[in-house]
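Student: I've got a structure open on my screen and no clue where to start. Can we go through it together?

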Amino acid sequence: METHTLIDNGILKQHLIDPEICIRCNTCEATCPVNAITHDDNNYVVRADVCNGCMACISPCPTGSIDNWRAVPVGRAYSIEEQFSWEELPGELAPHELVAAGAEPATAAAAPKPAVEAPAEPGTQVFRSAQYGATVPPWSAAHPYTNLFPPKNPTTATVVGNFNCTEAGFESETHHVVLDFGSMPFPVLEGQSIGIIPPGVDALGKPHYARQYSVASPRNGERPGYNNLALTVKRVTVDHDGNPVRGVASNYVCDLKVGDKVQVVGPFGSSFLMPNHPRSHIVMICTGTGSAPMRAMTEWRRRLRNSGKFEGGKLLLFFGARTQQELPYFGPLQSLPKDFIDINLAFSRTPGQPKRYVQDLMRERAADLLALLRDDNSHFYVCGLKGMEEGVVMALRDIAQEAGLSWETLGATLQREGRLHLETY
């Protein structure tokens, strides 16, 4: 893996994204602290004149498509317009090709210069929640398998279940979809995701690229003993501005019938994984379909508890939705034993009630969260819309600081030890 972008004698080690592997999940663009990454309808690309080689985007990428580099003369860096048009990455330039392109002859063996991040504006202090998100798994997490089936070589799964897991008839549908892989091995862990390739072509006449969905079932399947998994998929009917739109992948998945075949890539994810060691505590903070990995973790713990072979620590859930009717799995949540999981629900659009968000509930449970923040066996998972991330991490920071703890020290420890994971979109 490269850790630098500048090389002596006019050579740039340019950071590029492989369009053949990228599933356009937007993780890199959302993570980049200097806004070097952008996209169009075709590709995600990196601005050579902005990227500082800080590597913040490398680990969060679920596919590894972002970990690509090419040596080019500084004056001949690939423009974003060129990158937007690519179907595949250009090959490496040989030393004689670099010279022919305008580099000095000595550059082939030149030593790299470390990238330097631009200083912040004097007197400014920006809170960046993303910097506290772990890029390593908990030390006791099981070993994940990733990219077993890349976009050019998907596998096929059969739909064996599909039902609306929000209140029937409500305009906001979230579906619980079960896929069976038959005899094809497809191992997944709680916290991992897969990609589904919708059939047909887009407006440009190109095949649709895969859309990423978190796995909502535990490692031994939605139905134990079978080679299957579950997804939590919300039907998209409006865009972020409230305008009518029909999400290609979400509507395709929500309309699947039992017996239908789907093209699947992945699995993805090597850090947003649950701890396996006994007495580990798990705090789950989510909104909407961000509940998928939390359901997987909860169900795995429930099965272990029922087997009598595992003594787990506390499970604490903060789950938000606009209304109760839009909350996925509301009914099943109510049937979980109170001594097994501590459930806290926040609704932001209940008629006649004040808006409540997950961070509001967290502050109300400050004493319990503080005890867990002090415990080295505690692990925190955040999943949902990007807008929730800052409020949640700031709530953790405030709870720590109000108790006299240094958040900079604690936050860095949680990040380093793989105990605070942020997966927002």
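**Reading the sheet, the rings and the confidence**

Tutor: Sure, let's start with one strand pairing: S9 and S12 are joined by 4 bridges and pair in the antiparallel sense. One of those contacts puts Ser193 with Phe268 of S12 as its bridge partner. Keep in mind that this is a predicted model.

Student: What is the order of the strands in the open sheet?

Tutor: To read a sheet, walk across it from strand to strand. Here 6 strands line up as S10-S9-S12-S7-S8-S11, with antiparallel pairing. Strands S10 (211–214) and S11 (228–234) are the edges, each pairing on one side only. From one strand to the next, the twist averages 40°.

Student: How many bridges join S9 to S10?

Tutor: There are 4, and the two strands run antiparallel. Look for Ile194, which stands opposite Tyr213 in S10. On another stretch of the sheet, S7 (residues 155–164) pairs with S12 over 4 bridges, again antiparallel, and Ala157 has Val262 in S12 as its bridge partner.

Student: How many residues of S12 are buried?

Tutor: In a regular strand, side chains alternate between the two faces of the sheet. As for strand S12 (residues 261–268), 6 of its 8 residues are buried, so call it mostly covered.

Student: What about rings? How are Phe149 and Phe186 arranged, stacked or edge-to-face?

Tutor: For two rings, check the distance between centres and the angle between planes; under 30 degrees counts as stacked. Phe149 and Phe186 are 5.9 Å apart centre to centre with 15° between the planes, so they are stacked. Phe149 lies in the loop between S6 and S7, and Phe186 in the loop between S8 and S9, so the pair ties together parts 37 residues apart in sequence. Both are buried, with relative accessible areas of 11% for Phe149 and 4% for Phe186.

Student: And why is the pair of Phe272 and Tyr381 called edge-to-face?

Tutor: Because their planes sit at 70°, with centres 5.2 Å apart. Phe272 is in the loop between S12 and S13, Tyr381 in strand S16, 109 residues apart. Both residues are buried.

Student: Which element has the lowest mean pLDDT?

Tutor: Strand S6 (residues 112–114), at 38, while helix H8 (residues 366–373) has the highest, 98. Across the chain the average is 88, with 90% of residues scoring at least 70. Over residues 106–120, pLDDT stays under 50. Where pLDDT is low, the predicted coordinates should not be read in detail.

How values were computed. Residues are numbered from 1 along each chain as its sequence is written. This is a predicted model: local features need pLDDT of at least 70, side-chain atom pairs count only at pLDDT 80 or more; totals for chains, interfaces and linings use all residues. Side-chain values use heavy atoms; hydrogens and water are left out. Two strands pair if DSSP finds at least two bridges between them. Axes are lines fitted to C-alpha atoms, for helices over the stretch in contact, and angles run from 0 to 180 degrees between N-to-C directions. pLDDT is the predictor's confidence in each residue, from 0 to 100. Contact means heavy atoms within 4.5 Å. Buried means under 20% relative accessible area, exposed over 50%, partly exposed in between (1.4 Å probe, protein chains only). Rings of Phe, Tyr and Trp (its six-membered ring) pair if their centres lie within 6.5 Å; planes under 30 degrees apart count as stacked, over 60 as edge-to-face and the rest as tilted.
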